[in-house]
Amino acid sequence: MSLQDFRENNLENKRPESLANLTLPLQGDGYLSPVDWRGEVIYFLLPDRFSDGKESERTELESVITREQWGNWNDWAHSGGDRWQGGTLNGIRSKLTYVKELGVTVIWIGPIFKQRANLNTYHGYGIQDFLDVDPHFGTRADLVNLIKEAHQRELRVILDVIFNHSGWNWNYEERHGGESAPYRSWPGYYSQIHWLDRHGQPNAGSLGEEDGVWPTELQRFESYTRAGEGSLAGETAQNFDDIHAEFRRTDFAGHMRDFNFDRKRTLTDLVNCYKYWIALTDCDGFRLDTLKHVDTGVVRDFCGAIKEFASSLGKVNFFLVGEVAGSDENAERYRKVLKSNLNATLDIGESREALTAVAKGLLPASAYFHKVAAWSDDLGSHRDAGLHHVIILDDHDHVFGTKVRFSSDAAGPYQVVAGVAIQLLSLGIPCIYYGTEQSLAGPPKAQRDKYLPDYGHHDKYLRETMFGASHPRLSGEAGRRTDGIDRSLPGFAAYGVTGKHCFRMKFEAFQAIRTLIAIRQSIPALRFGRQYLRDIMTDHPRFEASKSGDIFAWSRILDEQEVLCVINGHGVKRSSAVIVVDANIHHRREAKLHVLLSSAETLDIQNRTYSRGNILAVERRGHQAEPKFGCFDYLIQKRINMTEIVIFVFIDDDESLPLPQVDDNCGFFE
């Protein structure tokens with residue numbers, strides 16, 4: 001069976017009730033994988049919160065208002081945390097031009113699988129049917145058409161998948177606690193459970209399509225650990241390899257039920273569910289949820305099976321990126337065990353916090369860049385380590401650190417550009433979270449301090465809608481209806497401004513980030529090069545590491561090309577520095593710097609602007625003998641006095657370097 005025949009046959013019919021009814025293709029000509037994922041830029045969105053496709057009925061958000069007339073923000077917060085807002089797959093499809101205009105190359109879509117009808121799990125992580133799309137989002141055909149059109153625009157799509165747990169599809173016996181039973185340590189478990197119907201009540205008969213869980217293979221009690229609810233934390237170096245540790249066997253938060261992988265068939269069934277989605281949609285990768293809670297051996301087998309199936313369809317570099325909650329060390333353990341079966345992990349531990357603090361000038365640059373240097377010393381320069389890290393600034397739950405977007409406590413609406421610049425121009429695969437390019441920041445500080453005592457401690461504050469819904473959906477199954485609008489609550493719109501959308505392509509941060517992406521995609525060294533944090537000289541007559549709030553700089557070096565990236569880490573104060581560059585790369589005595597990108601406030605000590613396209617001299621200092629790397633024999637001759645970002649490329653006297661095609665009138669850079 002060809003891939004096309006498989007898709008047509010499956011879309012013409014109701015989704016399979018059983019995996020036994022599913023005949024997967026053995027080979028195919030799917031959309032090809034990239035050779036190297038470091039060449040990609042990912043854009044992550046939650047389908048319920050991104051677009052409903054009706055932005056033409058609304059106007060662009062122009063300014064933030066305080067909404068004092070609400071009296072308080074409790075209804076807004078309740079709407080955001082407990083209700084679907086109305087985003088759809090067709091809404092995402094309607095915004096492919098917006099995403100393409102930003103310059104990203106991959107869309108990572110949060111889970112789209114069918115949720116329980118009686119629950120408001122808009123985030124998509126509580127699956128009731130592993131072979132269908134949730135009606136709030138649309139249909140399987142909508143997903144197929146979305147990915148098909150994305151591919152036509154040279155955009156790849158990653159789906160968010162879950163195989164650690166199912167949704168809240170059954171309860172324990174009432175005598176054991178019903179929805180939440182006390183945790184039983186290995187080898188203990190609860191033998192009896194009962195399925196829930198579409199209303200969340202015990203199901204008395206056979207299971208309908210809204211009852212229990214689907215496909216039928218997952219309706220076996222033994223597919224579930226049934227150990228009750230314990231702690232999701234508590235991992236240590238001593239118990240991390242324990243396949244029966246409590247943090248691996250417990251049900252997940254929200255009564256989501258843990259799968260039992262001691263039963264080998266459970267893993268096979270889940271693998272087949274996700275093979276189905278690869279064949280049906282032609283997607284390009286999976287983001288793997290909650291890996292910390294699945295034994296490394298099980299993850300290795302899952303990833304290996306998915307990789308082999310995708311390769312048989314022509315997707316030989318199908319992208320698998322894992323979410324490993326907790327410290328960076330947890331993620332490193334999975335990368336070491338899984339090796340090539342797992343492409344990368346999300347950098348959501350200490351490194352994400354360090355990236356935020358460095359971009360805001362709260363920590364020295366070394367706090368982030370030294371973490372990067374520790375990724376791998378196999379090659380001395382860590383260049384290939386970038387293959388295995390997806391760099392996160394904002395995301396949907398901030399499992400490590402305060403749950404607020406970068407811009408919430410930034411010095412201004414454009415400071416986020418500095419954070420995204422580090423993502424884009426340093427080692428790793430950058431991932432931009434929806435709304436970051438619009439500097440989404442939550443309610444004004446005075447409002448959240450007054451009305452929202454849990455601000456910064458709940459995932460909902462990371463999940464505003466871009467489309468500005470006026471009202472959320474009704475609770476439960478009623479919210480699936482076309483007219484299922486709850487007019488008693490405000491929609492969870494960005495800044496609380498309902499009826500206004502944030503797809504602003506002339507917004508300064510959007511244009512600046514678009515320009516940075518264009519630069520990155522034009523210069524191979526910024527995607528594949530080695531990386532070195534540079535010393536600077538400020539008011540002291542010696543070179544040293546930059547301090548908190550200082551200008552900081554790093555080089556990306558690929559073969560004979562060096563690109564120097566410089567950021568002012570303060571956000572408000574202007575500062576200056578002399579910056580070290582490399583001697584080995586530049587063979588001629590009169591080495592030159594080509595200004596690839598410069599912020600409007602970048603001046604030298606003679607008050608001349610470093611404009612895009614200028615060529616500047618560098619000064620040789622130090623010994624005349626054959627230099628080795630690290631001798632720092634070249635320095636930028638002029639001091640840099642700046643407020644944002646400048647990017648230099650080194651060239652020889654007679655070398656011409658064409659400028660990448662970027663918007664010279666982007667409003668933020670000159």
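Biologist: What makes you call helix 8 mostly covered?

Modeller: Of its 18 residues, 15 are buried. Buried here requires under 20% relative accessible area. Keep in mind that this is a predicted model.

Biologist: How do you know how far helix 8 reaches, and what is that set against?

Modeller: From its first C-alpha to its last, helix 8 spans 27 Å, close to the 26 Å expected at 1.5 Å a residue. Right after the helix comes Asp282, with a positive phi near 65°.

Biologist: Where does helix 8 (residues 264-281) belong in the nonpolar core?

Modeller: The largest nonpolar core holds 156 residues, and Tyr43, Phe163, Tyr274 and Phe286 have the most contacts inside it. Helix 8 supplies 10 residues, the largest share of this core. There is also a second, separate core of 16 residues, including Val566, Val581, Val595 and Leu616. As a general background, nonpolar side chains in soluble globular proteins tend to be buried together.

Biologist: Phe286 sits in strand 9, I see. Which residues tell you about the two faces of that strand?

Modeller: Gly285 and Arg287 lie on one side of strand 9, with Phe286 and Leu288 on the other. All four are buried, and both faces are covered. In a regular strand, side chains alternate between the two faces of the sheet.

Biologist: What makes strand 9 a partner of strand 6 and strand 10?

Modeller: A pair needs at least two bridges. Strand 6 (residues 156-161) is joined to strand 9 by four bridges, running parallel, and strand 9 also pairs with strand 10 over four bridges in the parallel sense. Therefore both pairings pass that cut-off. Across the first pairing, Leu159 stands opposite Phe286; across the second, Leu288 faces Gly322.

Biologist: How many strands make up the barrel, and in what order do they run?

Modeller: Eight strands form a closed barrel in the order 1-3-6-9-10-11-12-13, with parallel pairing. On average, neighbouring strands are turned by 25° against each other, direction ignored.

Biologist: How do you know that strand 11 (residues 344-347) pairs with strand 12 (residues 389-392)?

Modeller: They share three bridges in the parallel sense, and at least two are needed, so they count as a pair. Leu346 stands opposite Val390 there. Helix 13 (residues 416-425) lies across strand 12 and strand 13, running at about 150° to strand 13.

Biologist: What does helix 9 (residues 296-312) pack against?

Modeller: Its buried residues, among them Val298, Phe302 and Ile306, pack against helix 8, strand 9, strand 10 and helix 10. Helix 9 has 17 residues and reaches 24 Å, close to the 24 Å expected.

Biologist: And what do you find at the two ends of helix 9?

Modeller: At the start, a side-chain oxygen of Asp295 comes within 3.1 Å of the backbone nitrogen of Gly297. A polar contact needs N or O atoms within 3.5 Å, so this distance meets the cut-off. Just after the helix, Gly314 has a positive phi of about 90°.

Biologist: One last residue, Pro215. Why is Pro215 called buried?

Modeller: Its relative accessibility is 0%, and the cut-off is under 20%, so Pro215 counts as buried. Pro215 sits in the loop between strand 8 (193-195) and helix 7 (246-249).

Biologist: Which residues does Pro215 touch, leaving aside those up to four places away in sequence?

Modeller: Glu17, Ser18, Leu19, Phe130, Leu131 and Cys273. Arg15, 200 residues from Pro215 in sequence, is 9.4 Å from Pro215 in space, C-alpha to C-alpha.

Key:
Residues are numbered from 1 along each chain as its sequence is written. This is a predicted model: local features need pLDDT of at least 70, side-chain atom pairs count only at pLDDT 80 or more; totals for chains, interfaces and linings use all residues. Side-chain values use heavy atoms; hydrogens and water are left out. A nonpolar core is a set of buried Ala, Val, Leu, Ile, Met, Phe, Trp, Tyr and Cys residues joined through side-chain atoms within 4.5 Å. Buried means under 20% relative accessible area, exposed over 50%, partly exposed in between (1.4 Å probe, protein chains only). The expected span of a helix is 1.5 Å times one less than its number of residues. Contact means heavy atoms within 4.5 Å. A polar contact is a pair of N or O atoms within 3.5 Å; within protein, one must be able to donate a hydrogen and the other to accept it, and residues adjacent in sequence count only if both atoms are side-chain atoms. Axes are lines fitted to C-alpha atoms, for helices over the stretch in contact, and angles run from 0 to 180 degrees between N-to-C directions.
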